[in-house]
Amino acid sequence: MAVDRVPVLKRCRSLGLDPIYLGIDKKSNRESKRANKKMSEYGTQLREKQKAKFIYGVLEKPFRNYYEKATRMKGMPGENLMIMLECRLDNVLFRMGLGRTRKEARQIVDHKHVLVNGKCVNIPSYQVKAGDVIEIKEKYKSAQRYKDILEVTGGRMVPAWIEMDQEALKGTVKELPTRDEIDVPVNEMLIVELYSK
């Protein structure tokens with residue numbers, strides 16, 4: 001599996017991204033060296049794509065597959081793409097507050113701690129559907145790890161499209177999110193322009 005070893009804050013700085021979107025509270029004090037350089041149209045489009053890939057932790061090939069699937073669906077391809085990325089199981093866990101970052105949520109899924117509708121799922125890219133019930137396995141619920149995580153994420157807002165019971169480490173996807181409910185600072189229209197060249 002490919003692993004992104006670039007320091008997170010450095011990457012955030014180069015993409016002009018606030019680390020808070022990744023669940024990280026640190027701030028970078030340094031300025032990006034390219035802060036005041038003018039960017040070409042292609043550069044801006046590419047940056048938006050890299051931003052989306054970086055936030056959701058998706059590599060190039062799966063990202064392109066998401067895009068191709070999004071173009072075949074009804075509606076706007078850009079919005080479909082963002083909704084598909086938002087409905088990944090690792091992202092939904094992160095949104096529920098069961099992972100401090102998406103990377104941690106992904107690891108929790110990988111380690112088979114998660115049940116979807118009572119079945120164990122260990123695929124981080126699993127697409128969650130409306131009505132799915134997601135919970136941590138019974139034997140891990142009392143683990144110190146989840147107490148620590150909830151301590152950090154307790155104050156985080158759970159989106160309206162997810163119903164969360166923090167005591168039981170269990171949540172329900174009430175409906176699929178709309179683009180307005182996704183608070184990720186990505187202009188998906190630029191990604192569509194980039195791929196449709």
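These are my notebook entries on helix 5, the nonpolar cores, two loop residues and the salt bridges of a predicted model.

**Entry 1, helix 5.** I began with helix 5, residues 89-96, and found it mostly covered, with eight of its eight residues buried. Reading along the helix, I listed Leu 89, Asp 90, Asn 91, Val 92, Leu 93, Phe 94, Arg 95 and Met 96 as buried, so that charged residues such as Asp 90 and Arg 95 stand in my list beside Leu 89 and Phe 94 under the cut-off of 20% relative accessible area. Just after the helix I noted Gly 97, which takes a positive phi of about 90°.

**Entry 2, nonpolar cores.** I then turned to the largest nonpolar core, which has 26 residues, and looked up which members touch the most others: these are Tyr 56, Phe 63, Leu 81 and Leu 85. Two or more residues come from each of helix 1 (8-15), helix 2 (41-56), helix 3 (60-72), helix 4 (77-86) and helix 8 (188-195), and helix 4 gives the most, with five residues. For Leu 85 I set aside the neighbours within four places in sequence, and was left with contacts to Tyr 56, Val 58, Phe 63, Tyr 66 and Asn 91. Apart from this core I found another, of 23 residues, among them Ala 105, Ile 108, Leu 150 and Met 164.

**Entry 3, positive phi outside glycine.** I checked Lys 112, a residue other than glycine whose phi is positive, near 60°, and placed it in the loop between helix 6 (102-110) and strand 1 (114-116). Lys 112 is partly exposed, at a relative accessible area of 42%. Leu 169 also has a positive phi, near 50°, and sits in the loop between strand 4 (162-165) and strand 5 (170-173), but Leu 169 counts as buried because its relative accessibility is 3%, under the 20% limit.

**Entry 4, salt bridges.** My count came to 11 salt bridges, of which I looked at several in turn. Glu 48 pairs with Lys 51, with the closest N and O atoms 3.3 Å apart; both lie in helix 2, three residues apart, about one turn of the helix, and both are buried. Glu 104 bridges to Arg 100 at 2.9 Å between the closest N and O atoms, and here I recorded Glu 104 as buried at 12% relative accessibility, whereas Arg 100 is partly exposed at 29%. Lys 141 and Glu 135 meet through their side chains at 3.1 Å, N to O, and Glu 135 is buried, with a relative accessible area of 16%. Last, I noted that salt bridges with shared partners join Lys 49, Lys 53 and Glu 60 into one network.

Note on methods. Residues numbered from 1 in each chain as written. Predicted model: local features only at pLDDT ≥ 70, side-chain atom pairs only at ≥ 80, totals over all residues. Heavy atoms only, no water. Buried < 20%, exposed > 50% of the residue type's maximum accessible area, 1.4 Å probe, protein only. Helix = DSSP H or I, 4+ residues; strand = E, 2+ residues; numbered from the N terminus. Core = buried A, V, L, I, M, F, W, Y, C linked by side-chain atoms within 4.5 Å. Contact = heavy atoms within 4.5 Å.
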